[in-house]
Amino acid sequence: MTGRIKLLRDGVPVSEGDVPEIPYEYDVPSRFDALCGNFGLDGNRLPDDQCPETFVCLADGAPADLGLFADCVNAQDCSMFKGMTSGVSATWGETALF
């Protein structure tokens, strides 16, 4: 996250310049990320071959907005699931998990 502090004197900016320069463009959230109020979830939407079929058990006939919220939570959970899942091999054994 990046930002600048703009100082005001009597409601008028002390300096008009945008300094220091920010050397990159801001990321733009996808529509799904914006709906969820998050960033980077779009690539973790279900179905995802690295995640279970669902994390949230949504009742039949649930309101549409609850379904959208469940989609957001499913994507968050899938992201965490993928990020926190470890594997072990015969080569590295228990050391790989530490």
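Trainee: Which residue lies over the face of phenylalanine 32?

Mentor: This is a predicted model, in which local features need pLDDT of at least 70 and side-chain atom pairs count only at pLDDT 80 or more, while totals for chains, interfaces and linings use all residues. Residues are numbered from 1 along each chain as its sequence is written, and side-chain values use heavy atoms, with hydrogens and water left out. A charge sits over a ring if NZ of Lys or CZ of Arg is within 6 Å of the ring centre and within 35 degrees of the ring normal. At 3.8 Å from the ring centre of phenylalanine 32, the residue over its face is arginine 45.

Trainee: With which residue does aspartate 48 form a salt bridge?

Mentor: A salt bridge is a side-chain nitrogen of Lys or Arg within 4 Å of a carboxyl oxygen of Asp or Glu. The closest N and O atoms here are 2.9 Å apart, and the partner of aspartate 48 is lysine 82.

Trainee: Is aspartate 48 buried or exposed?

Mentor: Buried means under 20% relative accessible area, exposed over 50%, and partly exposed in between, with a 1.4 Å probe and protein chains only. Because its relative accessible area is 13%, aspartate 48 counts as buried.

Trainee: How does lysine 82 count, and what is its relative accessible area?

Mentor: Lysine 82 does not fall under the 20% limit for buried, nor over the 50% limit for exposed. Lysine 82 is therefore partly exposed, with a relative accessible area of 24%.
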